[in-house]
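Trainee: Could we go through this model together, a piece at a time? I'd like to ask things as they come up.

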Amino acid sequence: MKTYQQLWQSLTPLYDAGEAQAIVRTVLDVKYGMTLTDVICGKVNELSADEGIKLEEIVVRLQKGKPVQYILGQADFTGRTFHVEPGVLIPRPETAELCHWIAEDGKKEESLGSVSSKDMKKQILDICTGSGCIAITLALDFPDAEVTGWDISEDALRIAQENTETLEAKNVTLEHRDALSLPEEKETWDIIVSNPPYICEKEKADMAKNVLDYEPSIALFVPDEDPLRFYRAIAEFASLHLHHKGLLYFEINPLYEKETREMLEGFGFRDIETKEDSFGKKRMMRAVWA
C-alpha cells in the first residue's frame, strides 16, 4: 500500500503539490472518514487490503484527469454538499462568491434595487442552473423567496432536482428552458442571476485536462466570434421581465468585463458594478434595471 505522500506525488504531473495533497485528503475523508490528523499519523497504511485496492483504483482515475468531484459524486459549495456527475458543471468557489454577494445585498437594511430585508418574498430566477447550486443556495438563504431554475440539459435538471430534495430546498422550481431562446413570460422577477457558458474556444489551450476532457462543453464554451452570446440573450430577457429596480447578476469572463458592461448599458441597465473574485479577477457583475 502506498503512503499518503506517494499517493499525492503520483498526481503532480497534473496538479501542483498543494492541490494534489488536497485531492487525496478529500478522497480519504469522504471514502474512509480520515481526518487530517489521521493522515499525518499514517492511518493510510492501516487500510485493509480491499480498501487499499479501491483507493489505488481511485488514484488511477485521478491520474487520468477525472475530477475528484465526479469520482466521489459530490462537491462542496457554500458549506453544503451537492451531488455532481459527468453531464453537469462542477460548482466553483467563484460562483459561491457570487451567491454570497447576492445574500449580502439581501441582508442590507437599505440595499440596492428591490432586495430589502423588510420584504424577503422575492421572485428569483437562475438561468443555466446546472447542478442547481445557485438556485438552491439562494433558496436556502432566502427561505421566503420563490426560486426558479432553468436549464437546457435534462441531465442537469435531474441532478438539480436530486439536490433540491437532498438539501430540502422546497421553494425551488426547475424547468427545461433554452437560455438562447427564452420564452415570452408574463411573470416578472426581482432578481435574475446567471452563470452561463462564457469561455471562448481560443482559451482551451490554457485550460486543465481535467476540465477539458470531463466537464460538459455545453456548459463552458462559446464561439470566439460571439463571446457575449448568452449574456446578450439573458440581458434582453431581463430588460423585459425584471421589476423596476430589479437586479441582474452575472458571473462573467474577466476578459470581456468592459464589453459586458457596455452591452448592459445598451439595454438600459444602470448602476453596474463589477466585483473581483478571491483570485483578483473581475468575475461578478451586478446591474439595476432602471
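**Around G149 and beyond**

Mentor: Let us start with G149, which, leaving aside its neighbours within four places in sequence, is in contact with D126, T129, T173, L174 and E175, contact meaning heavy atoms within 4.5 Å. Before going on, note that this is a predicted model, in which local features need pLDDT of at least 70 and side-chain atom pairs count only at pLDDT 80 or more, while totals for chains, interfaces and linings use all residues. Residues are numbered from 1 along each chain as its sequence is written, and side-chain values use heavy atoms, with hydrogens and water left out.

Trainee: Where does G149 lie, then? And is G149 buried or exposed?

Mentor: G149 lies in strand β4, residues 146-151; strands (E, at least two residues) and helices (H or I, at least four) are DSSP runs, numbered from the N terminus. G149 is buried, with a relative accessible area of 0%, where buried means under 20%, exposed over 50% and partly exposed in between, using a 1.4 Å probe and protein chains only.

Trainee: D151 is in β4 too. Which side chain of opposite charge is nearest to D151?

Mentor: That is R158, but it is 12 Å away, and D151 is buried yet has no salt bridge. A salt bridge here is a side-chain nitrogen of Lys or Arg within 4 Å of a carboxyl oxygen of Asp or Glu, and for charge Lys and Arg count as positive and Asp and Glu as negative, with His and the chain ends not counted.

Trainee: What lies around D151, if we skip its neighbours within four places in sequence?

Mentor: D151 is in contact with C128, T129, G130, A156, L157, E175, H176 and R177. As for T129, its backbone nitrogen lies 3.2 Å from a polar atom of the D151 side chain.

Trainee: Switching to salt bridges: how many does the structure hold?

Mentor: There are 15 salt bridges in the structure. One of them joins E262 to K258, with the closest N and O atoms 2.7 Å apart; these two residues are four apart in helix α11 (residues 257-267), so about one helical turn separates them.

Trainee: And how accessible are E262 and K258?

Mentor: E262 counts as partly exposed at 41% relative accessibility, whereas K258 is exposed, with a relative accessible area of 51%.

Trainee: Which others could I look at?

Mentor: E201 and K204 meet through their side chains at 2.9 Å, N to O, and both ends are partly exposed, E201 at 36% and K204 at 31%. K43 and D38 form another, in which the closest N and O atoms are 3.6 Å apart, and K43 is partly exposed at 33%. There is also a network of salt bridges that links E85, D155 and R158.

Trainee: New topic, the largest nonpolar core. Which residues touch the most other members?

Mentor: I127, I192, F237, L248, L264 and F269 do, out of the 34 residues in that core. Helix α10 (residues 229-241) gives the most to this core, with six residues, and apart from it lies another core, of 28 residues, among them A145, A160, L247 and Y249. A nonpolar core is a set of buried Ala, Val, Leu, Ile, Met, Phe, Trp, Tyr and Cys residues joined through side-chain atoms within 4.5 Å.

Trainee: What does F237 contact beyond four places in sequence?

Mentor: F237 is in contact with L125, I127, W150, L182, P183, E185, W189 and I192.

Trainee: Now β9: how many of its residues are buried?

Mentor: Strand β9 (residues 242-251) is mostly covered, with seven of its 10 residues buried. Strand β6 (residues 189-194) runs parallel to β9 and is joined to it by five bridges, with S194 opposite F250; strands pair if DSSP finds at least two bridges between them. Strand β11 (residues 282-289) pairs with β9 in the antiparallel sense over five bridges, and there L247 stands opposite V288.

Trainee: Last one: which way do the side chains of β1 point?

Mentor: They alternate along β1 (residues 74-77), A75 and F77 pointing to one face and being buried, while Q74 and D76 point to the other and are not. Four bridges join β1 to the antiparallel strand β2, residues 80-83, where R80 is the bridge partner of F77. Two residues lie between the strands of this hairpin, in which T78 takes a positive phi near 50°.

Technical notes
A polar contact is a pair of N or O atoms within 3.5 Å; within protein, one must be able to donate a hydrogen and the other to accept it, and residues adjacent in sequence count only if both atoms are side-chain atoms.
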